[in-house]
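Here are my notes on the model you sent. They take a few individual sites first, then the chain as a whole.

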Amino acid sequence: MKAIYIQNPGGVENLIYGDLPTPVPGPGQALVRLAASGVNFIDIYFRTGLYQADPPVVLGMEGAGTVESAGDGVTGLKAGDRVAYAMARGSDAEYAVVPAWQLVKIPDGVDFVSAAAVMLQGMTAHYLAFSTFALKPGDTCLVHAAAGGVGLILTQIAKKIGATVIGTAGSEAKLELAREAGAAHGINYSTQDFQQEVKRITGGRGVDVVYDGVGAETFLKSLDSLRPRGMMVSFGNASGPVPAIQPLMLSQKGSLFLTRPSLANYAVDRDEIAWRAGDLFRWIDDGSLKLRVEHRYPLADAARAHRDLEGRKTTGKLVLEIQ
Ligand code: NDP
């Protein structure tokens, strides 16, 4: 089968578009013939070696396609079922083996590209807003990179819950998208000091929670944007990993809470995935969640997708179309 993989971590030039053996499903697994693979920042972490796995490392953490066959002990799935999943590596390929409990059936009316576009970033936005810091009506949250994949979905969900969203982004055009998604305030953090702006917007109080997927470049100012006892949710490293800090700093800045969550710990079984994915598909169906699949590439062009995402050239979702 054709796949995008690396033998050694590095730049986009290390991405190989080549042939690998089609995987065989073991007990509890299904073989999925992929139609679309979602591109996420985590693919860049695996490519550069920030996150590691044994080579050949087939990239892609999210896919949609058709069940081809199932291993022993798999129930409730049959060949031909349309399915989608996140957090099983290897979706940048024509076929992937996926633990059956991670697969959800795609509702009629949702196409493969949309399904591949919503699973990882959508379930992430869902757990951030409902589980890590359960937003309530009236809360104020700061969402960094609000025009990105996670950012646009998180902004919509937070607004839906009744929270006020302050969104940051690196350009005016991106801020416009964040506002369309429901951000009440937009801050261009390339030209404005977002900490000062947050203090101004909140009348000096600070926000209840910061959702920060940008990492190194925003971390400290994000802490300073919180109200006393607010929660810092550091969920990504788009600008690099956050350096070590002393716990005492959290006390000095207002008895803050700090968490560094991963979707892997918030989509732990079939029920949790069904809850999060079920909400997302229902909101797509009733029109209250708009997916912006802004960038589509053939599988062979994964390097271009990586370059665009890493280069801050994208908004919304990037998807590789496979077959
Ligand atoms: P995005 O579509 O949000 O792309 C990343 C965005 O980050 C860019 O578009 C850019 O927006 C902003 N950014 C700021 N500084 C930089 C920089 N130096 N280099 C690159 N980008 C920068 O990506 P995703 O939606 O895929 O992921 C967003 C974040 O969420 C990532 O950190 C990712 O790792 C994390 N994540 C974490 C998960 C978890 O469970 N912990 C799950 C899913 C994603 P702008 O130009 O507006 O600044």
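1. Start with S91. This residue sits in the loop that links β6 (82-86) and β7 (95-99). The model is predicted, so read every value here as computed from predicted coordinates. Despite its loop position, S91 is buried, with a relative accessibility of 0%.

2. What does the side chain of S91 reach at 3.0 Å? The partner is the backbone oxygen of E62. E62 also appears among the residues that S91 touches beyond four places in sequence. That list includes the run L59, G60, M61, E62 and G63. L34, S37, Y85 and I322 complete it.

3. Next, T132. It belongs to helix α2, which covers residues 112-132. Is T132 buried or exposed? Its relative accessibility is 11%. The cut-off for buried is under 20%, so T132 counts as buried.

4. The side chain of T132 has a polar partner. A contact of 3.3 Å joins it to the side chain of Y266. Leaving out residues up to four places away, T132 touches Y266 along with Y127, M231, V233, T259 and P261.

5. P243 is another loop residue. It lies between β13 (226-234) and α7 (247-252). Its relative accessible area is 55%. Exposed means over 50%, so P243 falls in that class. Which residue, 27 places away along the chain, has its C-alpha atom 6.9 Å from that of P243? It is A216.

6. Now the overall fold. The chain holds nine helices and 16 strands. Its radius of gyration is 19 Å, close to the 20 Å given by the globule rule for 323 residues, so the chain is as compact as a globular protein of that length. The C-alpha trace spans about 60 × 40 × 35 Å along its principal axes.

7. Burial and contacts come next. Of the 323 residues, 55% are buried. Take the contacts between residues at least 6 apart in sequence: 68% of them join residues at least 24 apart.

8. Last, surface and charge. The chain exposes about 13300 Å², and carbon and sulfur atoms supply 51% of that area. There are 31 positive and 33 negative side chains. The centres of the two sets are 5 Å apart.

Terms used
Residues numbered from 1 in each chain as written. Predicted model: local features only at pLDDT ≥ 70, side-chain atom pairs only at ≥ 80, totals over all residues. Heavy atoms only, no water. Helix = DSSP H or I, 4+ residues; strand = E, 2+ residues; numbered from the N terminus. Rg over C-alpha atoms; globule rule 2.2 N^0.38 Å. Buried < 20%, exposed > 50% of the residue type's maximum accessible area, 1.4 Å probe, protein only. Contact = heavy atoms within 4.5 Å. Areas by Shrake-Rupley, 256 points an atom, 1.4 Å probe, with all protein chains shown as cover. Lys, Arg positive; Asp, Glu negative; His and termini not counted. Charge placed at Lys NZ, Arg CZ, Asp CG, Glu CD. Polar contact = N/O pair within 3.5 Å; in protein donor to acceptor, adjacent residues only side chain to side chain.
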